[in-house]
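Thank you all for coming; I would like to walk through one structure this morning, and I will take it residue by residue before stepping back to the whole. Please have the picture open while I talk.

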Amino acid sequence: MIAQTPRHRLYVDAPLAAGLDVRLDGGQAHYLRDVMRLGPGATVALFNGLDGEWLATLDSLGKAGAQAVAQTLLRPQGDEDGPWLLFAPLKKEATDYLVEKAVELGCGALLPVMTRRTQSQKVRTDRLRAQVIGAAEQCERLTLPAVFEPRPLAKVLEDWPAERRLFVLAERRDALPAARAFAGARVLKAALLVGPEGGLDDKDLDALLALPSSTPVGLGPRILRAETAAAAALAVWQAVAGDWETR
């Protein structure tokens, strides 16, 4: 008999295996006890990005934390090698939307990039990671995208791995339609770059397109907001690459 996945799902930074005690932090305990009204004996699903997803039983719930016992493997760990997403940090709400949708759409890493037109110069990677965890819990991912520290565009290009194809969302340059460009590279390691509000500066765009492994791509006849473009490009990639054919 296959165990039924509980409604409540949490990420934990701890090993998971049958019989292991798992410590939940104060915030998780508060959510389970005071928001969801759960008590000892209730079941939750736990994942850590490494050991799959586990059915666990709550053993105790206190203000400082909670204790759960992992019991049954619900889903084994699998590969989720989605494309990286490079983005110029936006205003708070727009960045929140971009991060949430990137996680839901299976991106493999989030890389904040400082361009000439980047409006938001302050990036809290701890906050981004908390958003990543929350989105992964909701969308039933088994992995967490890596969150990198923000870096200047010039430094990113200087250290760019040659084996990873970089697709630049370039709405104002000659560019291949995204679906056509992605279809020709679906088996390659990939990254997508979306610029700031107002688009990339010409000098930044020239530097990007001078990279041997870069390709300019377009997303149709309309100019999209940066956060919309990021979600649209990831959706097209996953549809072309075959991600949407699996469950």
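Gln238 is buried, with a relative accessible area of 5%, and I should say at once that this figure, like every other one today, comes from a predicted model. The residue sits in helix α7, and a polar atom of its side chain lies 2.7 Å from the backbone oxygen of Leu105. Setting aside residues up to four places away in sequence, Gln238 touches Pro83, Leu105, Gly106, Asp243 and Trp244.

Helix α7 brings us to the largest nonpolar core, because α7, with 9 residues, is the element that gives the most to this core. The core has 37 residues, and those that touch the most other members are Leu85, Leu98, Leu110, Phe167, Phe182 and Val194. Which elements give two or more residues to it? They are β6 (84–87), α2 (92–104), α3 (125–139), β10 (164–169), α5 (178–183), β12 (189–194) and α7 (226–241). As general background, nonpolar side chains in soluble globular proteins tend to be buried together.

To see how one of these members is placed, take Leu85, which touches Leu98, Ala102, Ala109, Leu110, Leu111, Leu192, Val194, Ala230 and Leu234 when residues up to four places away in sequence are not counted. Apart from this core lies another one, of 18 residues, and Val113, Val156, Leu157 and Trp160 are among them.

Let me turn next to a charged residue, Glu53, which is found in strand β4 (residues 53–61). Is Glu53 buried or exposed? Its relative accessibility is 2%, and because the limit for a buried residue is under 20%, Glu53 counts as buried. The side chain of Glu53 makes a polar contact with the side chain of Arg9, at 2.3 Å. Once its neighbours within four places in sequence are left aside, Glu53 is in contact with Thr5, Arg9, Ala45, Leu46, Phe47, Thr72, Leu73, Leu74, Arg75 and Leu142.

A second group of residues brings together two loops, and I will begin with Arg117, in the loop between β7 (109–114) and α3. Arg117 has a relative accessibility of 38%, so it counts as partly exposed. Where does its side chain reach a backbone oxygen? The side chain of Arg117 reaches that of Gly199, at 3.2 Å. Arg117 and Gly198 are 81 residues apart in sequence, yet from C-alpha to C-alpha they are 7.8 Å apart in space. Leaving aside neighbours within four places in sequence, the contacts of Arg117 are with Pro196, Gly198, Gly199, Leu200 and Asp201.

From the other side of that pairing, Asp201 lies in the loop between β12 and α6 (202–209). With 19% relative accessibility, Asp201 counts as buried, because the limit is under 20%. Not counting residues up to four places away in sequence, Asp201 touches Arg116 and Arg117. Asp201 and Arg116 are 85 residues apart in sequence, while their C-alpha atoms are 6.4 Å apart in space. A polar atom of the Asp201 side chain also lies 2.8 Å from the backbone nitrogen of Lys203.

Two further loop residues deserve a look for their backbone angles. In general, most residues other than glycine have a negative phi. Arg37, however, has a positive phi of about 60° although it is not a glycine, and it is found in the loop between α1 (26–35) and β3 (43–47). At 66% relative accessibility, Arg37 counts as exposed. Glu140, which is also not a glycine, has a positive phi near 70°; this residue lies in the loop between α3 and β8 (146–147), and at 39% relative accessibility Glu140 counts as partly exposed.

Stepping back to the whole, the protein has 7 helices and 13 strands, and its C-alpha trace spans about 60 × 40 × 30 Å along the principal axes. Of its 247 residues, 48% are buried. Among contacts with a separation of 6 or more, 73% are between residues 24 or more positions apart. The accessible surface comes to about 12900 Å², with 51% of it belonging to carbon and sulfur atoms. There are 30 positive and 31 negative side chains, and the centres of these two sets lie 4 Å apart.

Terms used. Residues are numbered from 1 along each chain as its sequence is written. This is a predicted model: local features need pLDDT of at least 70, side-chain atom pairs count only at pLDDT 80 or more; totals for chains, interfaces and linings use all residues. Side-chain values use heavy atoms; hydrogens and water are left out. A nonpolar core is a set of buried Ala, Val, Leu, Ile, Met, Phe, Trp, Tyr and Cys residues joined through side-chain atoms within 4.5 Å. Buried means under 20% relative accessible area, exposed over 50%, partly exposed in between (1.4 Å probe, protein chains only). Helices (H or I, at least four residues) and strands (E, at least two) are DSSP runs, numbered from the N terminus. Contact means heavy atoms within 4.5 Å. Accessible areas come from the Shrake-Rupley method with a 1.4 Å probe; for residues, only the protein chains shown count as cover. Lys and Arg count as positive and Asp and Glu as negative; His and the chain ends are not counted. The place of a charge is taken as NZ of Lys, CZ of Arg, CG of Asp or CD of Glu. A polar contact is a pair of N or O atoms within 3.5 Å; within protein, one must be able to donate a hydrogen and the other to accept it, and residues adjacent in sequence count only if both atoms are side-chain atoms.
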